[in-house]
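Reader: Could you take me through one part of this model up close? I'd like to hear how the two domains of a single chain meet, and then a bit about a contact between chains.

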Amino acid sequence: MSDTTVRHRSPMAAPRSFVWSRRIFLTLLAGFVLLPVFVMVSSSLKPLQDVQGEFRWIPSGLTIRPYVDIWSTVPLAKYFTNSVIVAGAATVCSVIIAVFAAYAVSRYRFRGKRVFTVTVLSTQMLPGILFLLPLFLIYVNIGNATGIALFGSRGGLILTYMTFTLPFSIWMLIGYFESVPRDLDEAALVDGCGPLGALFRIIVPAAIPGIVAVAVYSFMTAWGEVLFASVMTNETTRTLSVGLGAYANLNDVYWNQIMAASLVVSVPVVAGFLLLQRYLVTGLTAGAVK
Amino acid sequence: MTTTATSPAEAGEGRAVGKKTPGAARGKSRRPGRIRRIGLPYLLLLPALVLELLVHLIPMVMGIVMSFRELTQFYIRDWGSAPWSGFDNFKIAVDFDAPVGQALLHSFFVTVLFTVLSVGLCWAIGTAAAIYMQETFKGRGILRALFLIPYALPVYAAVITWVFMFQHDNGLVNHVLHDQLGVTDKPSFWLIGDNSFYALLTVSVWKGWPFAFLIVMAGLQNIPKEMYEAAALDGAGLWQQLRRITLPSLRPVNQVLVLVLFLWTFNDFNTPYVMFGKAAPKAADLISVHIYQSSFVTWNFGTGSAMSVLLLLFLLVVTGVYLALTSRGRKTADV
Amino acid sequence: MSRIRAAAVGAATLTLALTATACGGGSSSGGGSNDSPKTLTYWASNQGASIAVDKKVLQPELDKFEKQTGIKVKLEVIPWSDLLNRILTATTSGQGPDVLNIGNTWSASLQASGALLPWDAKNFDKIGGKDRFVESAIGSAGAQGKDPAAVPLYSMSYALYYNKKMFKDAGISKPPTTWDEVVADGKKISKNGKWGLAAEGSNLSNNIHQIFVLAKQHGADWFTADGKPDFTSDGAVAAVKQYVDLMAKDKIIAPGNAEYAQNQSLSDFSKNKTAMVLWQAAASTFKSQGMKDDEWGVVPAPVQSGAPGQGQNVNSMVAGINIAVFKNTKNLDGATKFVKFMTSDEESKLLNKTYGSIPPVKAAQEDPAFNAQSTGVLKETLAKSAAPLPQVADESQFETAVGTAVKELFADAAAGKPVTTESVKAALTKAQQSMPTK
């Protein structure tokens with residue numbers, strides 16, 4: 001499709017046909033993107049009989065009841081807290097560990113480097129379903145042996161998610177660190193900083209966009225994961241991605257509440273994401289794309 | 001992308017790091033320094049290594065071990081006692097004359113077709129949008145933010161909204177297609193039957209294309225303006241600039257993007273699971289849910305593991321071939 | 001290159017070594033003990049309108065139990081979508097609750113896994129004896145000839161609920177008792193956007209419940225006496241075809257029902273869109289959806305001819321929830337005491353009243369409350385014309401294979417594709433071949 005519709009930018013004035021094709025394409029695309037968002041917002045404000053009956057663009061009445069009810073139908077606040085803790089901790093840990101690993105790979109020469117990078121990256125291929133049960137067994141065994149409760153706890157989930165995002169994060173950061181001129185950290189080393197000093201004083205500040213991009217990616221992955229969360233959590237540690245399903249489990253499908261709850265849990269994430277998007281593009285520019 | 005990561009042969013261990021190892025700058029005389037220099041990279045890698053071992057590699061090996069055992073409800077309580085079954089699980093999985101094998105094969109083909117279409121569409125839409133938005137125009141910032149919303153929405157929220165829209169009786173899709181536009185002579189089913197494939201594809205593309213958009217947009221920023229200016233002076237039109245500068249410059253980006261999208265889409269569990277639950281319709285029976293059903297719903301973890309192992313082998317081969325092909329291509333194209 | 005290979009071999013060896021230790025740990029802890037006599041964990045299934053409702057119902061009872069015995073019960077209410085997975089992981093790891101609710105159709109599967117405490121005569125004596133319970137309910141607590149794996153807690157049966165107003169509008173004076181009448185009445189009602197009967201075409205369990213009963217009525221069973229799948233008998237094929245034909249041929253089920261899996265048929269019923277629904281204990285749902293008690297009626301589920309009874313006149317499965325003790329419990333005595341408490345006459349009455357189900361405890365059934373309109377029919381059915389679903393270890397495979405086949409057939413019917421005896425038989429043959437061979 002791109003063959004016929006895509007025209008290239010010109011440094012000078014864009015031809016009229018290009019501008020028009022752009023308008024049409026982007027308008028259609030915006031419609032496609034926004035349609036579910038519109039449905040989500042409007043349905044969350046409709047009374048139950050509206051969302052259970054035939055679809056209508058204009059609601060018969062507006063109500064904020066769903067936004068009140070969602071908190072009592074399902075312990076949404078608790079799930080939300082769990083998700084914030086799990087996704088937040090997984091992100092922080094994953095980023096720190098990825099920074100160390102990427103630093104080692106991009107600045108040092110050592111035996112087994114290739115094995116490391118190839119192995120780590122190839123874990124991206126693993127189908128989650130293959131190691132769901134084994135991982136679960138390992139956590140239980142660790143729990144039995146050491147008393148550290150990994151299964152059913154937020155800790156286990158954090159550990160799982162941070163590892164999920166490690167490969168992509170390490171790989172992105174390697175790219176980003178390599179784009180930071182070596183002269184900079186070498187100068188720091190000559191000035192008497194240790195290797196870690198060079199990392200934290202020179203490389204990390206220079207790589208902030210890349211790190212933000214990685215952090216956003218990690219957070220999003222942890223926030224939306226369903227499979228492991230459904231098996232590895234219990235009532236007190238359940239996260240949103242699974243917990244939201246509870247609205248559909250009742251005797252009645254409260255579509256307006258589902259939409260309201262979805263919207264409530266989406267708004268902070270989307271807002272944060274959009275605030276950080278500037279970093280994201282620059283971060284990816286140097287990291288993924290180098 | 002980094003040369004170290006995906007095409008190690010090309011980069012070697014030397015070129016990327018060269019003689020510029022920070023340690024080297026500190027002189028070679030002091031022994032403790034030397035030990036530290038050798039030990040430090042390993043120390044830095046240690047946390048990542050431990051996690052990878054614990055969460056990815058050991059479970060993977062255990063999964064492979066499980067695939068050689070008869071792990072049904074009779075043995076799950078103490079799976080060390082499950083009898084070894086040799087290649088029985090694999091035989092069941094690849095016996096394409098019997099329903100289990102047939103269903104797996106069917107699911108595999110569905111997944112391949114789905115992945116190819118989804119990745120292709122995500123890439124095409126993402127690239128087109130990124131190229132259209134390369135140049136500033138009024139409202140570009142807002143539009144860009146808007147386009148990232150599908151990527152930022154939590155999977156559950158996004159998919160369940162689509163399910164709501166795809167309902168047969170009360171959904172928006174049928175309301176528009178049937179009631180308002182009259183495209184179909186009766187309301188279609190989107191969540192069951194053959195159309196479920198297109199429904200799933202739509203959701204997947206909707207969620208996936210912004211990632212392609214983001215990456216391509218980042219890639220475009222790396223193309224120096226001067227290249228376009230020079231081309232424009234040579235009289236190259238927009239189309240020519242696109243073919244001669246933009247697309248070739250995006251090649252390394254695309255190489256990684258397509259691979260990552262492929263692996264993520266192929267292994268995606270969240271979308272089909274939220275959309276169809278534990279029993280996906282035949283036309284949209286993606287392999288991840290299929291294996292989930294084969295192991296968790298029917299309590300046969302041995303066969304389920306065998307299927308996962310086969311899937312893993314397939315992905316290994318595809319990725320290997322892909323990397324070999326694209327890195328050779330890259331050398332000749334000399335980016 | 002060789003260096004890499006060496007490193008890879010090293011890594012693999014390490015991994016294997018670690019794996020061996022990880023497996024060695026296993027879930028070896030065997031039977032129960034009494035190491036922690038003061039606490040219990042209880043996994044309850046979601047019986048009420050929501051998890052919050054269940055907690056409100058159960059917590060006061062648990063407090064009562066604590067007062068009597070000094071044992072504190074930690075309650076977790078688990079949604080149905082998660083319950084089996086949670087039990088499965090608990091079984092695999094040995095880390096689970098002390099006491100748990102299970103769907104009674106899972107009894108034999110879970111029994112086969114050995115995860116649940118067998119209720120032999122000695123254990124039954126601790127809770128007042130096997131005779132306290134209705135026989136059919138005990139029959140759905142484990143495979144025949146083995147000690148039950150659980151104790152019946154709530155019982156339910158299917159009945160035909162009908163919308164009085166819609167019947168009146170269509171000029172029907174009396175609710176149907178046979179399938180022919182259901183179809184005839186349904187045809188009178190099914191016009192102008194209204195439909196005769198509801199179905200949950202994408203809900204595998206519900207499909208199974210319906211075709212199980214229909215197969216009985218055609219004189220067929222889904223499993224042979226020695227537990228082998230037998231999905232392709234004429235009776236089984238006829239049963240599935242009859243069920244799907246309600247949509248395909250008789251057109252008394254709305255095509256849209258083919259994608260229902262979340263009780264949408266109940267809200268169609270209470271919104272006067274569908275006139276009949278076959279359901280178990282739907283009264284409280286109708287109420288919560290704003291339907292008054294006198295707007296609907298309930299009669300025994302239909303049979304092919306004659307009156308409901310045993311044999312070919314079975315008109316319901318024995319539906320229900322069982323309560324079980326997890327074998328790995330660290331508080332065996334406490335767990336048994338808790339089961340005794342939950343199945344005591346008094347609690348059985350109270351909880352079953354709240355949930356609109358029938359007590360499987362004979363003495364509790366005597367309570368006049370269970371003869372009310374909403375539950376009288378269910379009780380009657382349970383006592384006279386209900387049969388337990390096949391109690392075989394492969395029950396969940398059966399539900400998946402055959403339930404999916406019915407779902408696909410409904411999808412065909414909804415899309416206007418023909419559903420013939422051949423296509424039904426082909427689908428069932430496939431389902432049978434995908435069952436485990438051992």
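Author: Sure, let's go to chain C, keeping in mind that this is a predicted model. Its domain 1 and domain 2 have their centres 27 Å apart, going by C-alpha atoms. As for which stretches belong where, domain 1 of chain C takes in 39–156 and 319–387, while domain 2 of chain C is made of 158–317 plus 391–433.

Now for the place where they meet. Domain 1 of chain C puts 25 residues into the contact, and domain 2 of chain C puts in 24. On the domain 1 side, three elements of chain C bring two or more residues each: α4 (107–113), α16 (373–384) and β11 (386–387). The top contributor there is α16(C), with seven residues. Sort that same side by class and you get 11 nonpolar, 12 polar and two charged residues.

On to the contact between chains. Chain C also touches chain A, with 29 residues of chain C in contact with 28 of chain A. Over on chain A, the helices to look for are α4 (65–73), α6 (113–122), α7 (128–146) and α12 (227–232), each giving at least two residues to the side that touches chain C. The largest share of that side comes from α7(A), which supplies eight residues. By class, the side of chain A facing this contact has 13 nonpolar, 11 polar and four charged residues.

So if you want one helix to start from in each place, try α16(C) where the domains of chain C meet, and α7(A) on the side of chain A that touches chain C.

Notes: Residues numbered from 1 in each chain as written. Chains lettered and ligands numbered in written order. Predicted model: local features only at pLDDT ≥ 70, side-chain atom pairs only at ≥ 80, totals over all residues. Contact = placed C-beta atoms within 7 Å. Helix = DSSP H or I, 4+ residues; strand = E, 2+ residues; numbered from the N terminus. Nonpolar A, V, L, I, M, F, W, Y, C, P; charged D, E, K, R; others polar. Domains from an automatic or database assignment.
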